[in-house]
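Subject: A structure for you to look at

Hello,

I am passing on a structure that I have been going through, and I would like you to have it open while you read. My notes come after it.

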Amino acid sequence: MKRNSLKLLGLAFLGLAIAACSNPKKMAKMASLVTTECEPQVLEAVAGKINATYTVTFPEKYFAKKAILEITPVLVYDGGEIKGEVLTLQGESILDNNRVVSYEQGATISTPVVFDYTEGVEKATLELRATVYNKARTKKAEVPEAFKIADGTNTTYMLVNTMGTPSFEADKYQKIIPETKEAQILYLINSYDVRRNQLKTDEIKAFEQYLKDVKADERRTLKSNDIIAYASPDGGEKLNTKLSDNRGKSAEKAFNRTINKEAKVDAPVNVKSIGQDWEGFQELVSGSNIEDKELILRVLSMYSDPAVREKEIKNMSSVYEVLADEILPELRRARFIANVEYKNYTDEELLQLINNDIDVLNEEALLYTATLVESNDVKTTLYEKAASKFNSNRAYNNMAAVKLSEGKTADAKAALNKMSEKTASYYNNMAVVAMQEKDFEAAAEMLQKSDVAEAKLNQAALDILNGKYQAAVEALNGSNTVNEALANILVKNEAKAQSILTGDCPCQAYMRAIIAARKGDAATANKELETAKKSEQLAKRAATDIEFAKL
């Protein structure tokens, strides 16, 4: 630490007797015996506060026993000054409740001082002013000259970007949409013969027509047909497994002989035999009005062995008759399932449709297309369409995100206020609104309710403002943002910051200039400042920035 001779008390008489008296003027004549130091030598603002600790050392046989000394730290800057808390010291004969300095031994006294940041203190000095009083405070002598003990003030943390990072809600647009169409045929008990009437039902006719329509539709492709055969869970597991297998074979023959022949589709047919259909049984019972259905369902949950299940259910004789009439016949079946892929609009088609036929687009298509265009005006138009037509919360959120990226805070807030559901993105974007309005306390409250990735970046910006630099470094790691570079500068990891600052914008150039200045590379610092000063705000800042004091 730099030590300065603080001439608090003027030139001293050589005689110590004079020093021992309580006459303020006589004590004020002693000067070069007192020294001071300050930590830090260059003041720094952190979270809106400027903290320092100054130390005053009094030698032996210096401090008069009947003297009172008041030391006032003052931060002096162009346009004003800020006075810190007064330190009052007293000699050994004073009975007040102040710190006592021994005449015989002297003392070294360290005192913390804090100032509130105010604009202009970037170029300032911290000085100590002193006044000596006699015991009764009837006489005083002010030291005519105050001496500087520190320079100030470093405000590099104020370069933090508090515009915030808005978050967008994702669309659910699918380039390929899977579709299925299903029909089924029923069998008689213990039979695997396909009855002719089962192939002439309205359900089967609709299935045939669907296959024909798919074949004629350029956007749809039949990928496969599944045939799944079952047996009702009565009559024994071994018997029903064989019955289910045979039903699969007969269903495949019937499908190829009639349905597939009629629709003339070319796709693989996959046959699967399930055996006893306990899953279908449970589903039908759950949806029925059978009086004792809860009891039946309890049996299914208690026992996993098929034979035990069947036995327990048959023991409920009054119920089993209903099951045999209403439930079990529906499980003697084979299902025909067509697996189809629908090819949605391509990116090129979507870009054409927003100009020629935007009304054909659904909510997901509108939200997705907004990600394909660069113009914020076009994005806003698409989000407005989705919001008005589908009352889309995601559209309102994304519209707000666009407005926030443009700094149109009021428009963003208006869009967010129309959301009926308060999502994680909503809270993050409301936090960004608060950040742009400089209400950082409200922003912090909103960010506590959001877990999106952008909320982490925004919280890191608040951490920088609050002096939590290491927390910001950890939160921003890998984000490759200006704030990540700044956080590393603040923890003196200039090498990491340098690797991030690869852009040509004035802000990044300014930070590179800081790094160069800290290394003593004046030429590079001045060169970077030439780029930085393209920003009027940064040019003004550079004129008083203590980072460049040595240039």
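Below is what I found, beginning with the whole chain and moving on to its parts.

Please keep in mind that this is a predicted model. The pLDDT averages 92 over the chain, and 95% of the residues score at least 70. The exception to bear in mind is residues 1-22, where pLDDT stays under 50. Where pLDDT is low, the predicted coordinates should not be read in detail. The model does have 70 contacts beyond four places in sequence for residues 1-22, but I would pass over them.

**The chain as a whole**

You will find 22 helices and 16 strands in the chain. With 551 residues, the globule rule gives a radius of gyration of 24 Å, whereas the chain has 42 Å, so it is more spread out than a compact globule. The C-alpha trace spans about 130 × 60 × 40 Å along its principal axes. Buried residues make up 47% of the chain. Of the contacts with a separation of 6 or more, 66% are between residues 24 or more positions apart.

**The strands around β10 and β12**

A good place to begin is strand β10, residues 124-133. Eight of the ten residues of β10 are buried, which leaves this strand mostly covered. Which strands does β10 pair with in the antiparallel sense? Among them is strand β5 (residues 68-77), joined to β10 over ten bridges; here Thr 72 has Arg 129 of β10 as its bridge partner. Another is strand β11 (residues 140-142), with three bridges, where Val 132 is partnered by Ala 141. β10 and β11 form a hairpin, with six residues between them, and Arg 137 in the turn has a positive phi of about 60°.

β10 also runs antiparallel to strand β12, with five bridges between them, and one bridge pair is Thr 125 with Asp 151 in β12. Strand β12 covers residues 147-154, and six of its eight residues are buried, so the rest of the structure largely encloses it. β12 has a parallel partner too: two bridges join it to strand β3 (residues 42-46), and Glu 44 stands opposite Asn 154 there.

One residue to click on in this part of the chain is Thr 88, in strand β7 (residues 87-90). Is Thr 88 buried or exposed? Its relative accessibility is 19%, so it counts as buried, given that the cut-off for buried is under 20%. Beyond its neighbours within four places in sequence, Thr 88 is in contact with Ile 68, Leu 69, Glu 70, Asn 98, Arg 99 and Arg 137. The last of these is the Arg 137 of the hairpin turn between β10 and β11.

**Helix α17**

Strand β3 comes up again with helix α17, residues 469-476. The buried residues of this helix are Tyr 469, Ala 472, Val 473, Ala 475 and Leu 476. They pack against β3, α16 (453-465) and α18 (482-490). Just after α17, Gly 478 takes a positive phi of about 90°.

**The strands around β14**

Now for strand β14, residues 220-231, which pairs with strand β16 (residues 333-343) in the antiparallel sense over nine bridges. Asp 226 stands opposite Ile 337 in β16. β14 also runs parallel to strand β15 (residues 269-276), with seven bridges joining them, and here Ile 228 stands opposite Lys 272. Helix α4 (residues 237-263) takes part as well: β14, α4 and β15 make a right-handed β-α-β unit.

**Cysteines**

How many disulfides does a search of the whole structure find? The search finds zero. Cys 505 is in no disulfide, and the nearest cysteine sulfur, that of Cys 507, is 5.5 Å away. Two cysteine sulfur atoms count as a disulfide within 2.5 Å, so at 5.5 Å the sulfurs of Cys 507 and Cys 505 are too far apart for a bond. Both residues are partly exposed: Cys 505 has a relative accessibility of 32%, and Cys 507 has a relative accessible area of 24%.

If you have time for one part, I would turn to β10 and its partners, with the Arg 137 turn in view.

Best wishes

Methods: Residues numbered from 1 in each chain as written. Predicted model: local features only at pLDDT ≥ 70, side-chain atom pairs only at ≥ 80, totals over all residues. Heavy atoms only, no water. Buried < 20%, exposed > 50% of the residue type's maximum accessible area, 1.4 Å probe, protein only. pLDDT = per-residue confidence, 0-100. Contact = heavy atoms within 4.5 Å. Pairing = 2+ DSSP bridges. Helix = DSSP H or I, 4+ residues; strand = E, 2+ residues; numbered from the N terminus. Right-handed = clockwise from strand over helix to strand, strands pointing away. Rg over C-alpha atoms; globule rule 2.2 N^0.38 Å.
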